[in-house]
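Here's a quick briefing to read alongside the model. Have the sequence and the 3D view open as you go.

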Amino acid sequence: QVQLVESGGGLVQAGGSLRLSCAASDRTFSMYAMGWFRQAPGKEREFVAAISWSGSSTRYAVSVKGRFTISRDNAKNTMYLQMNSLKPEDTAVYYCNSGPTLATISTDSWGQGTQVTVAS
């Protein structure tokens with residue numbers, strides 16, 4: 001499985017924006033669908049968004065649809081999550097992962113993630 005490193009988190013005011021990045025260790029990145037997940041304190045990890053290997057298909061959790069945009073640059077082995085109109089309830093550690101299809105993103109193992117904190 002491709003190795004992934006998340007970055008780009010930080011502290012932002014409600015209504016602000018952040019862009020997260022997920023960098024892959026090698027070119028096999030372009031063969032996989034990719035996804036973002038998040039885990040808030042005291043809550044289970046939840047799905048946020050996913051993108052097909054080509055970038056032509058995406059899907060989002062209802063809670064972020066219209067505010068977040070997932071994208072990827074296969075030439076850079078990197079996936080992104082543009083987060084706009086952030087809300088305090090978006091506060092969480094954000095993780096990325098890969099899988100064969102949009103519907104089968106792995107949830108077996110996780111990296112360190114990147115912390116997003118939205119202040120009210």
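Buried here means under 20% relative accessible area, exposed means over 50%, and partly exposed is in between (1.4 Å probe, protein chains only). By that yardstick Asp90 is buried, with a relative accessible area of 0%. This is a predicted model, where local features need pLDDT of at least 70, side-chain atom pairs count only at pLDDT 80 or more, and totals for chains, interfaces and linings use all residues. Residues are numbered from 1 along each chain as its sequence is written, and side-chain values use heavy atoms, with hydrogens and water left out.

**Salt bridges**

- Searching the whole structure turns up three salt bridges (a side-chain nitrogen of Lys or Arg within 4 Å of a carboxyl oxygen of Asp or Glu).
- Arg38 meets Glu46 at 2.6 Å, N to O; Arg38 is buried at 6%, while Glu46 is partly exposed at 35%.
- Arg38 also pairs with Asp90 at 2.9 Å, N to O, and these two sit 52 residues apart in the chain.
- Asp90 bridges to Arg67 too, with the closest N and O atoms 2.7 Å apart; 23 residues separate the pair.
- Shared partners tie Arg38, Glu46, Arg67 and Asp90 into one network.

**The sheet**

- Six strands (DSSP E runs of at least two residues, numbered from the N terminus) make an open, mixed sheet ordered β2-β10-β9-β4-β5-β6.
- β2 (10-13) and β6 (58-60) each have a single partner strand, so one side of each lacks a neighbour in the sheet.
- β5 (residues 46-51) and β6 run antiparallel, joined by three bridges; pairing takes at least two DSSP bridges.
- Ile51 stands opposite Thr58 in β6.

Key. Helix = DSSP H or I, 4+ residues; strand = E, 2+ residues; numbered from the N terminus.
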